[in-house]
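Please load the model in the viewer and keep the selection panel open. The stops below are to be taken in order.

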Amino acid sequence: GRARTERPVPAPRRLVSWIMTRPADLSDDDRTHLDDLLAACPQLTALVEHVRGFANLLTQRRGAEVRPWMTAVESSDLTPLHAFVRGLRKDLPAVLAGLTLPYSNGPIEGANTKVKLLKRQMYGRAGFPLLRQRILLS
């Protein structure tokens with residue numbers, strides 16, 4: 001029944017969703033709460049800058065700028081991000097292609113997922129001819 005003077009600390013998933021959302025898309029209350037948390041923790045501020053920078057590279061297909069981003073991350077003291085950058089460096093040509101080229105295997109993956117779903121639904125029923133018919137009709 002007492003009035004709280006401080007805001008409760010958000011759950012980790014909530015904080016991640018605030019970080020991954022564009023600042024303009026956050027509600028005013030969420031944005032001010034995130035700003036308060038960022039003011040209290042400089043490592044969190046650096047993390048948010050790096051995450052938003054990478055999201056910007058992804059959404060705008062700016063693969064040419066990924067190397068400076070990786071250098072900036074490696075110069076920071078955020079060890080979990082260092083592991084992420086090491087993973088990117090292992091397959092850098094594929095990362096650069098994914099960040100610059102407009103091609104996607106999304107439609108093929110969607111078709112595979114649909115076939116697997118139908119296969120699971122048809123398990124134990126009437127055999128392959130009926131499964132084939134359902135796949136062709138869907």
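Begin by selecting Pro-12, which is placed in helix α1. The model is a predicted one. With a relative accessibility of 64%, Pro-12 counts as exposed, because exposed residues are those over 50%. Next, add Asn-112 to the selection and draw a line between the two C-alpha atoms: Pro-12 and Asn-112 are 100 residues apart along the chain, and their C-alpha atoms are separated by 33 Å.

**The largest pocket**

Remain with α1 (12-20) and display α3 (42-59) as well; each of these helices supplies at least two residues of the lining of the largest pocket. The space in this pocket amounts to about 180 Å³. To display the lining, select Ile-19, Met-20, Thr-21, Arg-22, Pro-23, Val-51, Arg-52, Ala-55, Asn-56, Thr-59 and Gln-60. Which helix gives the most to this lining? It is α3, with five residues. Colouring the lining by class will show five nonpolar, four polar and two charged residues.

**His-50 and the pairing of α3 with α4**

Now select His-50, which is also found in helix α3. Is His-50 buried or exposed? Its relative accessibility is 12%, under the 20% limit, and His-50 therefore counts as buried. Show its surroundings next: apart from neighbours within four places in sequence, His-50 is in contact with Trp-69, Ala-72, Val-73, Ser-76, Leu-78 and Leu-81.

Widen the view to take in α3 and α4 together. Their axes come within 11 Å and cross at roughly 170°. An angle over 145 degrees counts as roughly antiparallel, so α3 and α4 are described in that way. To inspect the contact, select His-50, Gly-53, Phe-54 and Leu-57 on the α3 side, which meet Val-66, Trp-69, Ala-72 and Val-73 on the α4 side. By class, the residues of this contact comprise six nonpolar, two polar and no charged.

**From α4 to α6**

Keep α4 (residues 66-75) on display and add helix α6 (residues 92-100); the two axes come within 11 Å and cross at roughly 120°. This angle lies outside the ranges for roughly parallel, perpendicular and antiparallel, and α4 and α6 are therefore oblique to each other. Select Val-66, Arg-67 and Met-70 of α4 with Leu-92, Leu-96 and Leu-99 of α6 to see the residues that make the contact. The contact of α4 with α6 has five nonpolar residues, one charged residue and no polar residues.

**Two loop residues with positive phi**

The last stops concern backbone conformation. Most residues other than glycine have a negative phi. Move to the loop between α3 and α4 and select Arg-61. What is the phi of Arg-61? The value is near 50°, which is positive in a residue other than glycine. Arg-61 has 42% relative accessibility and so counts as partly exposed.

Finally, go to the loop between α7 (106-121) and α8 (128-137), where Ala-126 lies. Ala-126 has a phi near 40°, a positive value in a residue other than glycine. Its relative accessibility is 64%, and Ala-126 therefore counts as exposed.

Technical notes:
Residues are numbered from 1 along each chain as its sequence is written. This is a predicted model: local features need pLDDT of at least 70, side-chain atom pairs count only at pLDDT 80 or more; totals for chains, interfaces and linings use all residues. Side-chain values use heavy atoms; hydrogens and water are left out. On a 1 Å grid over the protein atoms alone, a cavity is a set of points where a 1.4 Å probe fits but cannot get out, and a pocket is an open set with protein on both sides within 12 Å along at least five of seven lines; lining residues have an atom within 4 Å of a point. Grid points are joined across faces, edges and corners, and a volume is the space filled by probe spheres set on the points. Helices (H or I, at least four residues) and strands (E, at least two) are DSSP runs, numbered from the N terminus. Ala, Val, Leu, Ile, Met, Phe, Trp, Tyr, Cys and Pro count as nonpolar, Asp, Glu, Lys and Arg as charged, and the others, Gly among them, as polar. Axes are lines fitted to C-alpha atoms, for helices over the stretch in contact, and angles run from 0 to 180 degrees between N-to-C directions. Angles under 35 degrees count as roughly parallel, over 145 as roughly antiparallel, 65 to 115 as roughly perpendicular and the rest as oblique. Contact means heavy atoms within 4.5 Å. Buried means under 20% relative accessible area, exposed over 50%, partly exposed in between (1.4 Å probe, protein chains only).
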